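Trainee: Hi, could you walk me through this one? I'd like to start with how the sheets are put together.
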Amino acid sequence: MSRVVTVIDYGMGNLLSVANAFNWCGAEVRVSDRREHIADADLLVLPGVGAFANAMEQLRISGLDEAIKEYARKERPFLGICLGMQMMLAESNEFGLHKGLGLIEGTVEPIPHEDAEGNAHKIPHIGWAEISSSVEGDSWAGTILDRTPQGTPFYFVHSFTAFPHSQHNRLADTWYNGCQVSAVIQKGSLYGCQFHPEKSGEKGLELIKTFLAI
């Protein structure tokens, strides 16, 4: 039997491509903006593109922020994608200080506009980048990256990066011209991917399948 995945519709996010990717991986997908669907979901996905403050405001207006928190307390599988990952944190410094969902303690900060040698580089960070363990020697076994080899490239599009307060919440990083960027964060069964698995080809779909098997 396929697992039902609820994709949160709050007016911001690439819902069609996310839903199509999960459908392709064998899941039954429900796109919903109803609080009861979010709070009682089997698996929950929060996609997102755009500005942090606007997205959080949309969640609050509809009451979906509290529904997400209620879901998270049940320790069921959750996946935030791109901006959806950033909103998992407590706050963001994107054009002012804004409160997030607080599922993981930490902040969202701008990617430095200069590389490790002090030279200006392009922002946003766009393109394929390899990911690796945040702590050398850490294993991804039993996580959403269980089937992902070290050094696998995924597709990124972003100008800000997550900084969890605890190193234990950083599962994988990537490097952009010498600047460390959070690629995957985790707290229990709650996961966030800064990259877009739905746009990352075969390896992205493999990650989605692993999430479905949690």
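Mentor: Happy to. One definition to begin with: two strands pair if DSSP finds at least two bridges between them. Keep in mind too that this is a predicted model. With that rule, one open sheet here has four strands in the order 6-5-7-11, and its pairing is mixed.

Trainee: Which strands stand at the edges of that sheet?
Mentor: Strand 6 (98-99) and strand 11 (160-164) do. Each has a single partner strand, so one side of each is left without a neighbour in the sheet.

Trainee: How many bridges join strand 5 to strand 6, and do they run parallel or antiparallel?
Mentor: Two bridges, and the strands run antiparallel; strand 5 covers residues 89-92. For a concrete pair, look at Glu-91, whose bridge partner in strand 6 is Lys-99.

Trainee: What holds paired strands together in general?
Mentor: Backbone hydrogen bonds, and the pairing can be either parallel or antiparallel.

Trainee: Let me zoom out. How many helices and strands does the chain have?
Mentor: Six helices and 14 strands. The radius of gyration is 16 Å, close to the 17 Å that the globule rule gives for 214 residues, so the chain is as compact as a globular protein of that length. Along its principal axes, the C-alpha trace spans about 50 × 35 × 30 Å.

Trainee: And what share of the residues is buried?
Mentor: Buried residues are 52% of the 214 in the chain. The accessible surface comes to about 9,500 Å², with 49% of it belonging to carbon and sulfur atoms. As for contacts between residues at least 6 apart in sequence, 70% of them join residues at least 24 apart.

Trainee: Back to sheets. What is the order of the open sheet with eight strands?
Mentor: The order is 2-1-3-4-14-13-12-9, with mixed pairing. Strand 2 (28-32) and strand 9 take the edge positions; each has a single partner strand, so one side of each lacks a neighbour in the sheet.

Trainee: How do strands 12 and 13 pair?
Mentor: Strand 12 (residues 170-176) pairs with strand 13 in the antiparallel sense, over six bridges. Within that pairing, Ala-172 stands opposite Val-184 of strand 13.

Trainee: I clicked on Ser-182. Where is its place?
Mentor: Ser-182 sits in strand 13, which covers residues 179-187.

Trainee: Is Ser-182 buried or exposed?
Mentor: Ser-182 has a relative accessible area of 0%, so it counts as buried; the cut-off for buried is under 20%.

Trainee: Which side chain does Ser-182 have a polar contact with?
Mentor: The side chain of Arg-170, at 3.1 Å. Beyond residues up to four places away in sequence, Ser-182 touches a set of residues including Met-85, Thr-161, Pro-164, Ala-172 and Gln-194.

Trainee: What about Ser-32, which strand is that in?
Mentor: Ser-32 is in strand 2. At 5% relative accessibility, Ser-32 is buried.

Trainee: Which polar contact does the side chain of Ser-32 make with another side chain?
Mentor: One with the side chain of His-37, at 2.8 Å. In addition, a polar atom of the Ser-32 side chain lies 3.0 Å from the backbone nitrogen of Arg-34. Setting aside neighbours within four places in sequence, the residues in contact with Ser-32 include Thr-6, Asp-9 and Ile-38.

Trainee: You mentioned Arg-34. What does Arg-34 form a salt bridge with?
Mentor: Glu-36, with the closest N and O atoms 2.5 Å apart. Arg-34 is partly exposed at 43% relative accessibility, and Glu-36 is partly exposed at 38%.

Trainee: How many salt bridges does the count come to?
Mentor: Five. Among them is Glu-66 with Lys-69, where the closest N and O atoms are 3.5 Å apart. Both residues lie in helix 4 (residues 64-73), three residues apart, which is about one turn of the helix.

Trainee: Nice. Which residue does Glu-206 form a salt bridge with?
Mentor: Arg-147, with 3.0 Å between the closest N and O atoms. That pair links distant parts of the chain, 59 residues apart: Glu-206 is in helix 6 (residues 201-212), while Arg-147 is in the loop between strand 9 (132-133) and strand 10 (153-158). Glu-206 is partly exposed at 23% relative accessibility, and Arg-147 is partly exposed at 41%.

Technical notes. Residues numbered from 1 in each chain as written. Predicted model: local features only at pLDDT ≥ 70, side-chain atom pairs only at ≥ 80, totals over all residues. Heavy atoms only, no water. Buried < 20%, exposed > 50% of the residue type's maximum accessible area, 1.4 Å probe, protein only. Polar contact = N/O pair within 3.5 Å; in protein donor to acceptor, adjacent residues only side chain to side chain. Contact = heavy atoms within 4.5 Å. Salt bridge = Lys/Arg side-chain N within 4 Å of Asp/Glu carboxyl O. Rg over C-alpha atoms; globule rule 2.2 N^0.38 Å. Areas by Shrake-Rupley, 256 points an atom, 1.4 Å probe, with all protein chains shown as cover.
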